[in-house]
Amino acid sequence: MKKLKYVLPALAAAVLLLGGCGSSKGGELNLYTWDGMFPQEVLTGFEKETGIKINYSNFDYDEDMLAKLEETKGGDYDLVIADDYIIDLAIQEGLAQKLDTGKIPNFGNINPLYQGFFYDEKNEYTVPYGAGIPLIVYDQDAVGFEITSYEDLWNPALANNVAIVGNYRVIDGIALKTMGESFNTEDLDTIRAAGEKLYQLAPNIRLISDSNTQDYILSGEVSAAFMYTSQVNTALAANPELSVAYPSEGLGFGIMAGFVPSQAPNADAAHAFLDYILRPEISAQCFEYIGYYCTTKTAEEYISEDMKKSLIVPDSVTSGEIIQNISQDAEDLHAEIWKNFQNQCN
């Protein structure tokens, strides 16, 4: 997922179980994530209801968070929200503890579409808090046909009329998807074949940009764009008449999730906060604020009508895959293909 740059600090002591067997209120919650991940009214509401003070600390990059957890041996912080791939490393290093879902009565509110992935296959350690899904946004009047798949981007009618983001694993990945392959295949012959397919897309590419890709479709410079979640939502907010395609070959996901460090000073407060933000109404507030896909199924009915189009994945979408680390040989081949593709686009 194209990473947000957000976060929150640390705390200690307090025992609280929401939704059942409670005990004394108060104490502190040391929350560690990127800046700006929660609306203030949600943080204030939790503090007022529970008496637990939130110490909000932030990091800029996932790697900074992991280094801090390694330094403190899983201590200092009660709850961390970070990206999927770094959570995988934290769990492997023993820096995360399994959740006590008995202390999270609202755990069942999570949309299963965002569970069961490589970093937490059994859903033992994490609560998803937003997903990024790169999608195709297009002007149907200008394009002249309905786009339903990655394959449609290869249509000769789109010659010199498509903008794409500059993440080579994502773009190489959509070529793999048109062949029915995984984003994460390590078969070098398959990756080479996908490269040949990708080169055929070059005549349709007008520009490659990771920043403000939405500006080019909003200005009319291109008629279709393959963009990150935040860019998709910005484009739709500026021009609700644009169409969105959820490619039929399957989506690429990036997921942010919360986990409790292995030596959290106040794990009970962390569980209480996770349960609080899984309440449907509270979740809806959070997702309207952060602008990423809603990962709480029961919150969808509370999201305002004008934002549902950009925050809720349709029920018809059931397939998705997260891009993961692969072998160095496969990674190097992707990089070589990407360089050749860029040269052809120029």
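This report describes the nonpolar cores, salt bridges, empty spaces and one loop residue of a predicted model.

## Nonpolar cores

The largest nonpolar core holds 84 residues, and within this core Phe 38, Phe 253 and Phe 273 touch the most other members. Helix α9, which covers residues 267-277, gives the most to this core, with 8 residues. A second core, separate from the one just described, has 36 residues, among them Phe 145, Leu 153, Ala 245 and Ala 330.

## Salt bridges

Over the whole structure, the search finds 10 salt bridges. One of them pairs Asp 268 with Lys 103, and the closest N and O atoms of this pair are 2.5 Å apart. Because Asp 268 lies in helix α9 whereas Lys 103 belongs to the loop between β4 and β5, the pair ties together parts that are 165 residues apart in sequence. Asp 268 has a relative accessible area of 14% and is therefore buried, the cut-off being under 20%.

A salt bridge also joins the side chains of Arg 206 and Glu 221, at 3.4 Å from N to O. Arg 206 is in strand β8 (residues 205-208), while Glu 221 is in the loop between α7 (214-218) and β9 (224-227), so this pair ties together parts that are 15 residues apart in sequence. Arg 206 is partly exposed, with a relative accessible area of 39%, and Glu 221 is likewise partly exposed, with a value of 35%.

In the salt bridge of Lys 308 with Glu 305, the side chains meet at 3.0 Å, N to O. Both residues lie in helix α11, and because they are 3 residues apart there, about one helical turn separates them. Lys 308 is partly exposed, with a relative accessible area of 24%, whereas Glu 305, at 62% relative accessibility, counts as exposed.

## The second largest pocket

Rolling a probe the size of a water molecule over the atoms shows where empty space is left. The second largest pocket has a volume of about 190 Å³. Two elements, α8 (229-238) and α11 (305-311), give two or more residues each to the lining of this pocket, and α11 gives the most, with 5 residues.

The lining consists of Asn 233, Leu 236, Ala 237, Pro 240, Gly 291, Asp 306, Met 307, Lys 309, Ser 310 and Leu 311. By residue class, the lining of the second largest pocket divides into 5 nonpolar, 3 polar and 2 charged residues.

## The enclosed cavity

The count of cavities of 30 Å³ or more comes to 1, and the largest cavity has a volume of about 40 Å³. Its lining is made up of Tyr 114, Gln 115, Gly 116, Phe 117, Tyr 119, Asp 120, Asn 123, Thr 126 and Pro 128. These lining residues divide into 4 nonpolar, 4 polar and 1 charged.

## Lys 98 and its surroundings

Lys 98 lies in the loop between β4 (96-97) and β5 (127-132), the loop that also holds Lys 103 of the salt bridge with Asp 268. When neighbours within four places in sequence are left aside, Lys 98 is in contact with Glu 124 and Tyr 125. Lys 98 and Ser 262 are 164 residues apart in sequence, yet their C-alpha atoms are 8.3 Å apart in space.

Definitions and conventions: Residues numbered from 1 in each chain as written. Predicted model: local features only at pLDDT ≥ 70, side-chain atom pairs only at ≥ 80, totals over all residues. Heavy atoms only, no water. 1 Å grid on protein atoms, 1.4 Å probe; cavity = no way out; pocket = protein on both sides within 12 Å on 5 of 7 lines; lining within 4 Å. Points joined across faces, edges and corners; volume = space filled by probe spheres on them. Helix = DSSP H or I, 4+ residues; strand = E, 2+ residues; numbered from the N terminus. Nonpolar A, V, L, I, M, F, W, Y, C, P; charged D, E, K, R; others polar. Contact = heavy atoms within 4.5 Å. Core = buried A, V, L, I, M, F, W, Y, C linked by side-chain atoms within 4.5 Å. Buried < 20%, exposed > 50% of the residue type's maximum accessible area, 1.4 Å probe, protein only. Salt bridge = Lys/Arg side-chain N within 4 Å of Asp/Glu carboxyl O.
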